[in-house]
Amino acid sequence: MKYVEGSVLQYDDRWRFTKCTVSFENGIIKKILDGSNRKPAARGVIIPKLVNAHTHIGDAVVKNASGTLEELVAPPNGLKFRVLKECPDKEIVDAMKKTADDMFFSGVSFFCDFREFGIKGINQLNNALKNKQIKCVKMGRPEKLEYHRDEVNEILGRCDGIGVSSISDWDYPELKKLARHAKRKNKMFALHVSERTREDIDKVLDLRPDFLVHMTKASESDLEIAADSNVPVVVCPRSNVFFGNIPNIPLMIKKGLMLMLGSDNAMINNPDMFTEMEFAYKVSMIYGGVSPETIFNMLTVNTWKFFKIQGGIEEGGPADFLVLNTHSSMDAIVKCSSKHISFIGGKKCMKR
Ligand SMILES: [Zn+2]
């Protein structure tokens, strides 16, 4: 049995700090006790691990990424597609493994990845994540911008759903067939929306997506329609700013959208969610700001609810917590860096 002690951050209807000792064994929290009475493995502020709701770890292998959104990431001829087509399997898989490790060591327990390149792409992702503690919701997609029933069946047999670039890249009837197929198989369907240009929200929602990514160019009414349809949105502020856009997080919150946070393309951003969290908090100030709790929810409770993750620090739950060397306030946590992590809980827990 191991122990950590300090100020534990837990959620019921809001976030609270309590002075306690947390005991855990084999990756499971056994007891949460008042005060300190053991020799702990670490002392500090104990918070749940974070969730990264949107990545493309497959493009970690691409170097010198500079250019417009279209030049870099648009299928089928953007830089990432050209580089990855030429790149040996092993190099791609090794870069993915490293990115997954970087994410784990910066405090992420769970991420959702969009993987390109059809069946081959999903196989590479599955290989990269073998024996990793970090968990992943895998979203594959057809190799070409075309619907082929057998290919989709095979992809869906190896992952959790389909995640595509955007309706603008696809022939709409083909995309509709793809979305319907995923839903028929009880798998997820998600897509990037209104990132480069505003896209038709009614057409997007007719695809019955489980979640949307970006919405930086969406109008106020588009945000309202998505909110009224209870479709959550993943925002990726560092990625958006890289391409010259600023997501209006305060407006999205005001319109009632459920927001999650992602680091997007690994060739553009490192997947450190402490960096993303601080950036999201600061960039929101341009549009009037939101509370640190609102930002923190985007990497914790909102994602737990959506992805059905058991994420809080609770007796009997997974020991997915971090010990931070900082103050016990939400303001301090959103401004923390992953360098403040002194201990990572889990099956293979470790001091840092
Ligand atoms: Zn993306």
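In the predicted model, a salt bridge connects Glu-276 with Arg-238, with 2.7 Å between the closest N and O atoms. This contact joins distant parts of the chain, since Glu-276 belongs to helix α11 (residues 273–284) and Arg-238 to helix α9 (residues 237–242), 38 residues apart. Both Glu-276 and Arg-238 are buried. Elsewhere, Asp-59, Lys-80, Arg-115, Glu-116 and Arg-141 are joined into one network by salt bridges that share partners. Over the whole structure, the search yields 24 salt bridges.

Two further salt bridges may be described individually. Lys-255 and Glu-224 meet through their side chains at 2.8 Å, N to O. Lys-255 is located in the loop between α10 (249–254) and β12 (259–261), and Glu-224 in helix α8 (residues 220–228), so this pair ties together parts that are 31 residues apart in sequence. Glu-224 counts as partly exposed because its relative accessibility is 34%. The salt bridge between Lys-177 and Glu-174 has its closest N and O atoms 3.1 Å apart. Here both partners belong to helix α6 (residues 172–184), where they are 3 residues apart, or about one turn of the helix. Lys-177, with a relative accessibility of 40%, is classed as partly exposed, whereas Glu-174, with 18%, is classed as buried.

The strands provide the next topic. An open sheet is formed by 9 strands in the order β12-β11-β10-β9-β8-β7-β6-β5-β13, and the pairing is parallel. Its edge strands are β12 and β13 (264–265), each of which pairs on one side only. Within this sheet, strand β5 (residues 50–56) and strand β6 (residues 108–114) are paired in the parallel sense over 4 bridges. Val-51 has Phe-110 in β6 as its bridge partner.

An antiparallel pairing is found between strand β2 (residues 15–25) and strand β3 (residues 28–34), which share 6 bridges. In this pairing, Leu-33 in β3 is opposite Thr-21. The two strands β2 and β3 make up a hairpin with 2 residues between them, and Asn-26 in the turn has a positive phi of about 50°. Strand β4 (residues 42–48) contains Ile-46, which is classed as buried because its relative accessibility is 0%. The C-alpha atoms of Ile-46 and Phe-211 are 30 Å apart in space, the two residues being 165 apart in sequence.

A zinc ion is also present in the model. Its coordination involves His-54 (NE2), His-56 (NE2), His-192 (NE2) and Asp-264 (OD), at 2.0 to 2.3 Å. The angles subtended by the 4 donor atoms around the zinc ion run from 92 to 162°, and the arrangement is therefore irregular. Along the chain, the spacing of the donors is H-x1-H-x135-H-x71-D. Distant parts of the chain are linked by the pair of His-54 in strand β5 and His-192 in strand β9 (residues 188–193), which are 138 residues apart. His-54 is buried, with 0% relative accessible area, and His-192 is likewise buried, with 7%.

On the surface, a nonpolar patch is formed by Val-241, Ile-246, Ile-286 and Tyr-287, which together have about 330 Å² of accessible area. One of these residues, Ile-286, is placed in the loop between α11 and α12 (292–298). Ile-286 is classed as exposed because its relative accessibility is 53%.

Several features concern the backbone. Most residues other than glycine have a negative phi, and most peptide bonds are trans. Against this background, the peptide bond from Pro-75 to Pro-76 is cis, with omega near 0°. Pro-76 is situated in the loop between α1 (69–73) and α2 (79–86). A positive phi, near 55°, is found for Asn-230, a residue in the loop between α8 and β11 (233–235). Asn-230 is exposed, its relative accessible area being 68%. Lys-308 also has a positive phi, near 55°. The loop between α13 (301–307) and β14 (321–324) holds Lys-308, and this residue counts as exposed at 76% relative accessibility.

Terms used. Residues are numbered from 1 along each chain as its sequence is written. This is a predicted model: local features need pLDDT of at least 70, side-chain atom pairs count only at pLDDT 80 or more; totals for chains, interfaces and linings use all residues. Side-chain values use heavy atoms; hydrogens and water are left out. A salt bridge is a side-chain nitrogen of Lys or Arg within 4 Å of a carboxyl oxygen of Asp or Glu. Buried means under 20% relative accessible area, exposed over 50%, partly exposed in between (1.4 Å probe, protein chains only). Two strands pair if DSSP finds at least two bridges between them. Donors are N, O and S atoms within 2.8 Å of the metal (3.2 Å for Na, K and Ca); water is not among the atoms, so sites may look incomplete. Four donors count as tetrahedral if all angles lie between 85 and 135 degrees; four count as square planar and six as octahedral if opposite donors are over 155 degrees apart and all others between 65 and 115; anything else is irregular. Patches are made of residues with over 30% relative accessible area and no salt bridge: like charges are joined within 9 Å, nonpolar side chains (Val, Leu, Ile, Met, Phe, Trp, Tyr) within 5 Å. Accessible areas come from the Shrake-Rupley method with a 1.4 Å probe; for residues, only the protein chains shown count as cover.
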